[in-house]
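Please look over the sequence and the structure shown below before reading on. The report that follows takes up helices, charged pairs and buried positions in turn.

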Amino acid sequence: RVAELEGEVRRLRSEVHRLEVEMAHEVRRREEEQRAAQQVLAAEQERRSYAERKADAVAGMVSMEREEQETASGRRAEMSEEQNRRLTTLLEETRAESEALRDKHSHCTLLSERHAAERAAL
């Protein structure tokens, strides 16, 4: 009976060791996922910042162009429609890029928070 119990103890210790190794592997995997998510988040934040700077620059260009068009009445008739269309299109594209990056940023933030919560749960 003692030998049987000793065998059971060895089996249980082996199982505990296996579970500890498995848990350590899972923790490392989740930490790597979180690092990757944080890198993606940082890249998305940089892209978003770039898109916002680009949108600001385009808005400034639109404003300057409109002022120029108002003061140059002779050219205004020729250039107004085409340039307004081009600038409006560029502004809309930039806004769409900014919105898409904002959505990606939100998604990455949620992933990062979820990974942090899962890691905390371990």
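## Charged pairs and buried positions

R29 is partly exposed, with a relative accessible area of 32%. The model in which this value was computed is a predicted one, and the report stays with R29 for a moment, since R29 is part of a salt bridge. The side chain of R29 meets that of E33, with nitrogen and oxygen 2.2 Å apart, and E33 is itself partly exposed at a relative accessible area of 30%. Both residues belong to helix α1, where they are 4 residues apart, or about one turn of the helix. As a general point, an α-helix has 3.6 residues a turn, so residues three or four places apart point the same way.

A second pair within helix α1 is formed by R11 and E8, whose closest N and O atoms are 2.7 Å apart. These two residues are separated by 3 residues, again about one turn of the helix, which here runs over residues 2–71. R11 has a relative accessible area of 47% and is partly exposed, while E8, at 34%, is also counted as partly exposed.

A further salt bridge joins R119 to E31, with a distance of 3.7 Å from N to O. This pair links distant parts of the chain, given that R119 sits in helix α2 (residues 73–121) and E31 in helix α1, with their positions 88 residues apart. R119 is partly exposed at 38% relative accessibility, and E31 is partly exposed at 25%.

The three pairs can be set side by side as follows.

| Salt bridge | N to O distance |
|---|---|
| R11 and E8 | 2.7 Å |
| E33 and R29 | 2.2 Å |
| R119 and E31 | 3.7 Å |

In total, the count comes to 16 salt bridges. Some of the charged residues are joined in a network of salt bridges, which links E26, R29, R30, E33, R114 and E118. In general, side chains of opposite charge can pair when their charged atoms come close.

How far does helix α1 reach from its first C-alpha to its last? The helix has 70 residues and covers 102 Å between those two atoms, which is close to the 104 Å expected at 1.5 Å a residue. Its buried residues include the charged R30, E44 and E65, as well as A37, L41, A51, V58 and V62. R30, which is buried in α1, is also one of the members of the salt-bridge network.

A43, by contrast in burial, is a residue of helix α1 that counts as partly exposed at 30% relative accessibility. Its C-alpha atom is separated by 9.1 Å from that of H105, although the two residues are 62 residues apart along the chain.

Two serines of helix α2 complete the picture. S98 lies in helix α2 and is buried, because its relative accessible area is 6%, which is under the 20% cut-off for burial. Leaving aside residues up to four places away in sequence, S98 touches A51 and E52, and A51 is among the buried residues of α1. The C-alpha atoms of S98 and R53 are separated by 9.8 Å, with their positions 45 residues apart along the chain.

S112 is likewise found in helix α2, and S112 is buried with a relative accessible area of 12%. With residues up to four places away in sequence left out, S112 touches Q34 and Q38, and Q34 is another of the buried residues of α1.

Methods:
Residues are numbered from 1 along each chain as its sequence is written. This is a predicted model: local features need pLDDT of at least 70, side-chain atom pairs count only at pLDDT 80 or more; totals for chains, interfaces and linings use all residues. Side-chain values use heavy atoms; hydrogens and water are left out. A salt bridge is a side-chain nitrogen of Lys or Arg within 4 Å of a carboxyl oxygen of Asp or Glu. Buried means under 20% relative accessible area, exposed over 50%, partly exposed in between (1.4 Å probe, protein chains only). The expected span of a helix is 1.5 Å times one less than its number of residues. Contact means heavy atoms within 4.5 Å.
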